[in-house]
Every structure is written in structure tokens, then in C-alpha cells.
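User: Got a minute to walk through this one with me? I'd like to go piece by piece.
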Amino acid sequence: MNNGKQSRFLFTMTCFGLAFLYVPMILLVFYSFNKSRIVPVWGGFSTKWYGVLFESKEVGEAIVLSLKVATVNATFAMILGTLAGLALVRFGRFKGRTLFTGMISAPLVMPEVITGLSLLLLFITLNEFIGWPSSRGFTTITIAHITFSMAYVAVIIQSRLTGMAQDLEEAAQDLGAKPFRVLVDITLPLLAPGMLAGWLLAFTLSLDDLIIASFVSGPGAVTLPMLIYSRIRLGLRPDINALATIIILVVAIGVLVAAWIMFRQQKQRELELKMSEET
Amino acid sequence: MGHLLQRNWRTLVLFIPFFWLLLFFLAPFFIVLKISLAESVIASPPFTPMIEWVDEGIMNIRVVIDNFAYLWEDDLYAKTYLNSLKISSISTILCLLIGYPMAYAIVRSSHTTKHILLMLVILPFWTSFLLRVYAWMGLLADQGTINNLLIAIGIIDEPIRMLYTPFAVYIGIVYTYVPFMILPLYANMEKLDWILLEAAADLGAKPMTTFFTVTLPMTLPGIVAGSLLVFIPATGEFVIPDLLGGGNVLMIGRILYNEFNANIDWPVASAVAIALLLLLVLPMMLYQHIQAKQTEAE
């Protein structure tokens, strides 16, 4: 009956949607090998824009700064987000819980322009009163990034903790382990995959942020998105296409490797399950 | 030390993130609020203090609502607010129209296909947002891929102006935010009881009737969550209108950015931020409410 028509419609919509998502990125890669300076006009194959990209000292400096910010941010966000997630799921009712819940989930939906502006005004006010931060750059960008990244980590940890069976923790407690030992020896190792996922997400969020970094950065500290933005504002540039190609390649490899590892783990688990059923 | 840690770890676990958020998330808002009630002056910092000590012991509190009055009276701001709301609402509907069938198709597909499709939807998340917007600059430009293609196959003689128009902004927002629509919809649909659909069909309901009386009401929580996740950030969007909209498309995020960085009018920028926050506070609370209800249900 109508089932065929329906699935044909769904198939078409999915193909259309995926093409919408991917064709622009494929074209971005394609034109990075364009000899011509005018990006969308094909002038023959060339890799010269990659050379132009790597010759630029600015690009190198921006990449280093962005990676530094992203790494420190991801580490702190992972720690703070994990603590916040633990407090939210395992601590029951405590004073200020509503405020805490609100503050931890608000950054997820807060427009970036507001977060950026308010943090910059905080840094300026702090500098006026206590003399810190005396200049804006790596530290201020990292603090700003931690503030919104930790919210994402907390969400991941929260959902992990709610889905996790508590029997191991209870068993440890019954065997006489103190709550702190249970946390360190049982809960945290069980949370490790979630914490890793949180670290990766915080790392990517930081690498991707333009607006908050532009607000809280000072002279001389230019992150990679800030550099890209200042160049593409004035129009299309083939060296940016080359940069985009490299980024897309790195991400694609990373995601494929992660998917492969997850796939292997799942297969392993299914195998173990089968074997235990047979015996 | 170790002993102290063992006894007070609960307080510590809570205190560290709590303190961080109080200092770097909540306190900044009060500063923004304070500055939005000050006057702009040419000085450093470029606004008047709220509390001044006039003589010994006499405190002068100075609160100015001129900035908000200015926003209210100046046509530009009202128009920009309405325009932001219009653009984000239409974009949300477009995302829903594209995302709903995709989420439905993903849920109904086989195990392996489902995982591949989900990965394909998530993958763009991990690449640079800025570069994905940049990709559309190349597609939509006067000398861009789409115009070149249309001219080459003879549909048009002159390039159509697409870049730096509202059309480009819609494309950019829908393109960037459609995964935010698909994922909550998928999460919602996956938990549904599809037998209800078969029951409706068995009882003689036409596919259209089944859709509007069974599927749509069941997936409503997903629709609302996805729509809010698109609507809220799209309203405050700065990069997309700036890069794809040129000077023609006014959105509130852009005004805020320019007021602050180009005009250096901090009090007005802060007032714009407060006004934007007021506009979004209801949808934000609604989203949090839905999330809280969902975690409880789990």
C-alpha cells in the first residue's frame, strides 16, 4: 500500500538532507586544489595554496595558541564537569541546588555574544579592583572556554551516572570501603569513558569558538577561528580552503578511528555474550 | 591532609564547580546589568560608576535607564529585534521540515544503516562551524559555484545575487543548525512505541490520519526540544548574518557586537544584551524544564 511511497519519500528526504550537509564541504575541499586565485573558477590542479598556508607564520602561531587553549580547557572542563555531574546525581538535596542546576545548564543555551560580553566585562572589572588579569589572552580565553565547556561535560557525566547500575558501588560499601574510596576506586574508573568523551567534546568546542574568544582576547592573542574569520570577512581565499581541507581530513580520520574502536568493542562484547550463553 | 580530604570530599566536590560558576557565570551578568544602567562617557572604563562617594559618608547611587529608553525609542533596535525573531522562527520551521523526515528515516532504518546515518549527521559537528559557513560563501557568491553552474547550463544569463541577502542567512542558519533538530527528534522517536502506528493502520486509519493523530502528538516533546535548540542560538547569531548577510541583514547579535567593538558604547551594548536575554529567557526556561522532565523520566 502506501508503505512503498512513504519509504521512497523518506529515502529521498534523507539523501537530500545528507547532500545538503556534505556537498558544500566537498566543494570546499575540491577548490583547495584550484590553481586560480578566484576560488569558484577552476583554473587547473595545484597544491600551491597549501604552500602559501604553511609559509604564513600567523597561521602557525594561531594553531599553537588554539591547541594550547583547547588542551588546558578540556582538562579543566573535564575535572569541573565531572565534579558537577557527581554533585547533581549523587548528592540528593543540598542548599543552592536549584541555583547550581540553573548555572550548570544555562551555558548550553546562552547566546555566545552574551557570554562573551559578560565575561569580558568581568575581566575588566576584576582588573580594576584586584589587578588581575593584567592582560587578556591565553588565560582569559581558557577561563571563558572552561566556563561553557564544563556544562557539556556535566551533561555527559550526568547521563552516564543515571544510566549506571550502582551495585558495584554498593558492594564496595558493604565490604567496608569509605565513601571517598568508593569514589576513587569504583565510581571514577566506571566514569572514565564518559570523562574521555567529555574531554574530546570540550576540546572541539574550544577549537570551534570564535565569538567568546574574540570578546575576551587581547592584542596579540589570535586563535585559529579568529584568524580565519578576519581573512574570510573580506571574501573567498584559496589558502583558507586548503586549511579547511586539512581540518576536515583530521576530523574525518579521528571520527573514523573512534567509530572503528567502538565497533570493535561492541563486536567483542557480543562475542563474549555468545560464549557465555553457550557454556 | 589525606584525612581531611577523606572527611570533606563531598563539600569539595560541590564547592569547586559551584564557586567557578558563581564567579565566571553568575557574577558577570550582574556586571552587565550594572553597566547597562550607567551612562556612556569618554574615559576608561567608558561608563559612569553606579556608586560614588560624594562627601564623607554620603553615597550617591546613580542609575540611568536612558539606555533602555534609547533602545525602545530608536526604530533600529525594535526592527532588529523583530527581524532576528522572524529569521530564527522561519529557520526553525525549515529545520523541522528537513530534520523531521530525516530523523524518522534514521529511526526506521536497520541497525547498521542507523549507526552510519547517525554518524553522518554528527560528523559536521566536529568540523569547524566557521568553515562550514565559509563553504556557503563560495556556493552563493556572484561568481560562485551555483551561479556558474546555472549560467553554464543556460538557465540564467546574469548571476543571481544570493550572497549578502536574507536568503543566504536562512541557508546558513538551516545548514548549521539542522543537526541540532535531528538529534533530539531521533532521541525522542527511538523510545516510541511503534506498535501504536500499526494498530492505527489495522483499525483502518489512513496514513495521513495516523500521522496527525498518533505520530505527531507522540513526537511533540522531540519537536519542542529540537525547535528550542535551533531557535535560541539562531536568535543571537552573529557569524552567519555577518558573513552571509552583508550589511543588509540586521540581527541582534551583530548590533551587540558592533555597539561594543566599533562604537565602544558599553552601556548600550549591555542594555542590548539584557534585552536579548529577556527575549530568550522564556524559551530557555522551557528547554530546561523539558530536559529536567526527561532526566526524571529516565
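User: Where does B:Leu185 sit?
Analyst: This is a predicted model. In it, B:Leu185 lies in helix 7 of chain B, residues 166–190.

User: Is B:Leu185 buried or exposed?
Analyst: B:Leu185 is buried, because 27 C-beta neighbours fall inside 10 Å and the cut-off for buried is 20 or more.

User: Which residues does B:Leu185 touch?
Analyst: Leaving out residues up to four places away in sequence, B:Leu185 touches B:Gly99, B:Tyr100 and B:Ala103. It also touches B:Thr219, B:Gly222, B:Ile223 and B:Gly226.

User: And how far apart in space are B:Leu185 and B:Leu26?
Analyst: They are 31 Å apart, C-alpha to C-alpha. In sequence they are 159 residues apart.

User: Back to the helix. How many residues does helix 7 of chain B have, and how far does it reach?
Analyst: Helix 7 of chain B has 25 residues. From first C-alpha to last it reaches 35 Å, close to the 36 Å expected at 1.5 Å a residue.

User: Where does helix 7 of chain B bend?
Analyst: At B:Tyr177, by about 45°. A proline, B:Pro179, follows within four residues.

User: How many residues of helix 7 of chain B are buried?
Analyst: 19 of its 25 residues are buried, so helix 7 of chain B is mostly covered.

User: What comes just ahead of it? I saw B:Tyr164. Where is that residue found?
Analyst: B:Tyr164 is in the loop between helix 6 (145–152) and helix 7 of chain B. Its phi is positive, about 65°, although B:Tyr164 is not a glycine.

User: Why is B:Tyr164 called partly exposed?
Analyst: B:Tyr164 has 19 other C-beta atoms within 10 Å. Buried needs 20 or more and exposed needs 12 or fewer, so B:Tyr164 falls in between.

User: New topic, the contact between the chains. How many residues does it take from each chain?
Analyst: It takes 71 residues from chain B and 66 residues from chain A.

User: Which helix gives the most to the side of chain B that touches chain A?
Analyst: Helix 1 of chain B, residues 2–36, with 19 residues.

User: How do the residues on that side of chain B divide into nonpolar, polar and charged?
Analyst: That side of chain B has 54 nonpolar, 14 polar and three charged residues.

User: Give me one residue from that helix. What does B:Leu21 touch?
Analyst: B:Leu21 is in helix 1 of chain B. Not counting residues up to four places away in sequence, B:Leu21 touches A:Met103 and A:Ile104 from chain A, and B:Leu26 from chain B. B:Leu21 is also buried, with 23 other C-beta atoms within 10 Å.

User: What ipTM and pTM does the predictor give the complex?
Analyst: An ipTM of 0.88 and a pTM of 0.89. For chain B, the mean pLDDT is 86, and 91% of its residues reach 70 or more.

User: One more in chain B. Where is B:Trp266?
Analyst: B:Trp266 is in helix 13 of chain B, residues 266–297. B:Trp266 counts as buried, with 24 C-beta neighbours inside 10 Å. Setting aside neighbours within four places in sequence, B:Trp266 is in contact with B:Ile35, B:Ser40, B:Pro46, B:Phe47 and B:Phe260.

User: How far is B:Trp266 from B:Tyr177?
Analyst: Their C-alpha atoms are separated by 30 Å, and the two are 89 residues apart along the chain.

User: Over to chain A. Which peptide bond is cis?
Analyst: The bond from A:Trp132 to A:Pro133 is cis, with omega near -5°. A:Pro133 is in the loop between helix 5 (112–130) and helix 6 (138–163) of chain A.

User: And A:Ile212, what does it touch?
Analyst: A:Ile212 is in helix 9 of chain A, residues 211–216. Beyond residues up to four places away in sequence, A:Ile212 touches A:Glu112, A:Thr115, A:Gly116 and A:Ala144. A:Ile212 counts as buried, with 22 C-beta neighbours inside 10 Å.

User: Last bit. What domains does the assignment give chain A?
Analyst: Domain 1 (59–235) and domain 2 (247–279). Their centres, taken over C-alpha atoms, are separated by 28 Å.

User: How far does helix 11 of chain A reach?
Analyst: Helix 11 of chain A, residues 238–278, reaches 60 Å from first C-alpha to last. Among its buried residues are A:Pro238, A:Asp239 and A:Ile248.

Definitions and conventions
Residues numbered from 1 in each chain as written. Chains lettered and ligands numbered in written order. Predicted model: local features only at pLDDT ≥ 70, side-chain atom pairs only at ≥ 80, totals over all residues. Helix = DSSP H or I, 4+ residues; strand = E, 2+ residues; numbered from the N terminus. Contact = placed C-beta atoms within 7 Å. Expected span 1.5 Å × (residues − 1). Bend = angle between axes of the 7 residues up to and from the residue. pLDDT = per-residue confidence, 0-100. Nonpolar A, V, L, I, M, F, W, Y, C, P; charged D, E, K, R; others polar. Domains from an automatic or database assignment.
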